[in-house]
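User: Hi! I am new to reading protein structures and would like to learn how to do it. Could we go through one together, feature by feature?

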Amino acid sequence: MRAYDETITWLNFRLDLRQAPPSFWLLLGECVAGIRAITRVPLPLAAGKELERDTLAEGLHARLAMDGSSLTLEEVRSHLAGQLRVTQAKEHAVLELEGLFHTWQRIAGSGPGLPVVGSETLLSYHRALLETVPDVREKGRWRSAPKGPRAIDGVPPDVIPVFMAELCDWLNGPELDAPNLDERMAYALLHALIAELYLQWIQPFGTANARLSGTMEQHMLVRAGAGSMAGHLLSLHFHRQSHEYRRQVENAAQGVPDPIPFLAFGLRGLREDLSELRAKVREIQAQGQWRGHLSELFAGEDAAPARRQEQVLLDLAQQDATVPLSAIPALSPALARMYAGVSEKTLRRDVDHLEQLGTILRDPEGFRIRLERLLAFRY
């Protein structure tokens, strides 16, 4: 391997984190705080499962797309729900999806008891990813042919085993070890991003390198107790920003190699996606709290007006904008049935009563619910 020292300068397996600016550590801290805020957060069962499925589907689709798969996100979602009609043209892509899905599910099911990642672990994962995919040679074996003319299109095949052994030893060694248990999740994020960068440089396999990178990240993050969600969001970020991702990988290899900008790029994307996910979680929680509030408000009320008013509040809670009075009965089939055959005066009386209760707010455009009443410390 030493013969390549002068040409493969970006593979020196050294990283001086003391050179990272304070903003980098703040960014890392925000990501860890975001992961902890979302992990194991209580949600209504159906809504929580749906959010998990959507995040998983986005992560799977991202890694498949980075490897050149033709499956769309909707097709991935449909297949996970058992609803995709698999044509002959899609059969190969679906087998790739199944290999990735089952591998990630095994990692998630293993939890923090996973071992450290070594060369044999990666070979085993590569074999699992492609186990049922036909016409793929070198399953679970290092690449045996050059990848391309550019330097970062992969190292020469004869040095891959040594480079991969060095990478794993470095990631598991004292230089990148967390100073204490409280920082284990933060350093697992750094390990995952470093592995992403170096695997892009090395290109250890002839195929499925993006899926393997995502699998390695899943392993590291799940092992550190961060769960699988952060890995899905990283995959989604790298796919969405594919041009910037490639530019960052290339820039990190220029001049004096410096992985820190790439790490910051990954953390910034993760922070943004965590913020979006937290907003979805808050919305689901608010909807659940709202339903609970209505159950208390109308407890024991079986009369038709109470049932109508409760349904109005439930359906208004699903709207993002103010709803005119005349449009309220059309918000759902349930409301349409309840207001069929009654006068507009009945609707007005119902809405006036809800306004007096303080559950809805009137403005010149119509009505909206007052979810803000559920928020503590809002002043």
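Analyst: Happy to! Let us begin with one term: two residues are in contact when heavy atoms of theirs lie within 4.5 Å. Keep in mind as we go that this is a predicted model.

User: Which residues is R308 in contact with, leaving aside its neighbours within four places in sequence?

Analyst: R308 is in contact with L335, M338, Y339, T346 and D350. R308 itself lies in helix α12, which covers residues 304-316.

User: Is R308 buried or exposed?

Analyst: To decide, we use a cut-off: buried means under 20% relative accessible area, and exposed means over 50%. R308 has a relative accessible area of 11%, so R308 is buried. For a contrast, take E52, in helix α2. With a relative accessible area of 52%, E52 is exposed. The C-alpha atoms of E52 and D153 are 34 Å apart, and these two residues are 101 residues apart along the chain.

User: Now the whole chain, please. How many helices and strands does the protein chain have?

Analyst: The secondary structure comes to 14 helices and two strands. The C-alpha trace spans about 85 × 55 × 35 Å along its principal axes. Of the 379 residues in the chain, 47% are buried. You can also ask how contacts bridge the sequence: among those between residues at least 6 apart, 71% join residues at least 24 apart.

User: How should I think about what sits in the interior?

Analyst: The general idea is that in soluble globular proteins, nonpolar side chains tend to be buried together. In this structure, the largest nonpolar core has 92 residues, and L11, L167, L189, Y198 and W201 touch the most other members. Helix α7, residues 184-202, gives the largest share of this core, with 15 residues. Apart from this core lies another one, of 21 residues, including L313, L335, Y339 and F367. You have met L335 and Y339 already, as contacts of R308.

User: Which residues does L167 touch, not counting those up to four places away in sequence?

Analyst: L167 touches F13, Y198, L199 and I202.

User: What can the backbone angle phi tell me?

Analyst: Most residues other than glycine have a negative phi. That makes positive values worth a look. F13 is not a glycine, yet its phi is positive, at about 50 degrees. F13 lies in the segment before α1, which covers 22-38, and with a relative accessible area of 7% F13 is buried. A208 is also a residue other than glycine with a positive phi, near 65 degrees. You will find A208 in the loop between α7 and α8, and at 2% relative accessibility A208 counts as buried. A glycine can be inspected in this way too: G82, just after α3, takes a positive phi of about 75 degrees.

User: Let us stay with α3. Which of its residues are buried?

Analyst: Helix α3 runs over residues 73-80, and its buried residues are E75, V76 and H79. They cover an arc of only 100 degrees around the axis, so they sit on the same side of α3. These buried residues pack against α2, residues 45-66, and α4, residues 91-110.

User: How do I describe the way α3 and α4 pack?

Analyst: Start with the angle and the distance between axes: α3 and α4 pack at about 65 degrees, with their axes 11 Å apart. Then give the handedness: α3 passes α4 in a right-handed crossing. Finally, name the residues that make the contact: V76, H79 and L80 of α3, with V94, L97, E98 and F101 of α4. By class, this contact has five nonpolar, one polar and one charged residues.

User: Could we zoom in on V94? Which residues does V94 touch, not counting those up to four places away in sequence?

Analyst: V94 touches L71, H79, L84 and V86. V94 is found in helix α4 and, at 4% relative accessibility, counts as buried. The C-alpha atoms of V94 and L84 are separated by 9.5 Å, and the two residues are 10 residues apart along the chain.

Technical notes:
Residues numbered from 1 in each chain as written. Predicted model: local features only at pLDDT ≥ 70, side-chain atom pairs only at ≥ 80, totals over all residues. Heavy atoms only, no water. Buried < 20%, exposed > 50% of the residue type's maximum accessible area, 1.4 Å probe, protein only. Helix = DSSP H or I, 4+ residues; strand = E, 2+ residues; numbered from the N terminus. Arc of directions from axis to C-beta. Core = buried A, V, L, I, M, F, W, Y, C linked by side-chain atoms within 4.5 Å. Axes fitted to C-alpha atoms, helices over the stretch in contact; angles between N-to-C directions. Left-handed = near helix turned anticlockwise from the far one by under 90°. Nonpolar A, V, L, I, M, F, W, Y, C, P; charged D, E, K, R; others polar.
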